[in-house]
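Hi there,

Here is the structure I promised to pass on. Have a look at it first, and then read my notes below.

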Amino acid sequence: MLRFAELGLFFAPFALFAAWWLAGARASRRALAAGIILVLLLAALTVWISLGNRLPIGTTYMPAEWKHGVVVQGHGN
């Protein structure tokens with residue numbers, strides 16, 4: 001999910017520029033405002049997801065490892 005948000009934030013300026021280039025002077029202020037609000041919401045979503053997935057303070061990350069032929073996922077210790 002986070003990868004899609006990161007890709008969206010990366011491609012948003014290109015998409016907005018392409019829309020501006022194609023629309024030219026015909027673009028309304030309403031469409032411009034909607035685009036800006038969409039980019040801000042995408043940025044807020046990225047921050048919200050990153051804050052929700054972090055480890056508590058004082059824990060160390062234990063990377064994934066093999067134990068008895070099974071992959072144990074990475075976790076906080």
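**What I found**

The chain has two helices and four strands (DSSP runs numbered from the N terminus, with H or I of at least four residues for a helix and E of at least two for a strand). Along the sequence these follow the order α-α-β-β-β-β.

Before the details, please keep in mind that this is a predicted model, in which local features need pLDDT of at least 70, side-chain atom pairs count only at pLDDT 80 or more, and totals for chains, interfaces and linings use all residues. Residues are numbered from 1 along each chain as its sequence is written, and side-chain values use heavy atoms, leaving out hydrogens and water.

**Overall form**

The radius of gyration of the chain is 20 Å, while a compact globule of 77 residues would come near 11 Å (taken over C-alpha atoms, with the globule rule being 2.2 Å times the number of residues to the power 0.38). Along the principal axes, the C-alpha atoms fill a box of roughly 65 × 25 × 10 Å.

Just 6% of the 77 residues count as buried (under 20% relative accessible area; exposed is over 50%, and partly exposed is in between, using a 1.4 Å probe and protein chains only). The chain exposes about 6,900 Å², and carbon and sulfur atoms supply 71% of that area (Shrake-Rupley method with a 1.4 Å probe; for residues, only the protein chains shown count as cover).

**Helix H1 and its nonpolar patch**

Helix H1 covers residues 2–23 and includes Phe4. Phe4 counts as exposed because its relative accessibility is 65%. Together with Leu7, Phe10, Phe11 and Phe14, Phe4 makes a nonpolar surface patch of about 600 Å². For such a patch, residues need over 30% relative accessible area and no salt bridge; nonpolar side chains (Val, Leu, Ile, Met, Phe, Trp, Tyr) are joined within 5 Å, and like charges within 9 Å. A salt bridge here is a side-chain nitrogen of Lys or Arg within 4 Å of a carboxyl oxygen of Asp or Glu.

**Two buried residues in helix H2**

Ile49 is part of helix H2, residues 29–52, and Thr46 is in helix H2 too. Ile49 counts as buried because its relative accessibility is 14%. Thr46 is buried, with a relative accessible area of 14%. A polar atom of the Thr46 side chain lies 3.0 Å from the backbone oxygen of Leu42. As for Ile49, its C-alpha is 9.5 Å from that of Ala5, although 44 residues separate the two in sequence.

Happy browsing!

Conventions. Polar contact = N/O pair within 3.5 Å; in protein donor to acceptor, adjacent residues only side chain to side chain.
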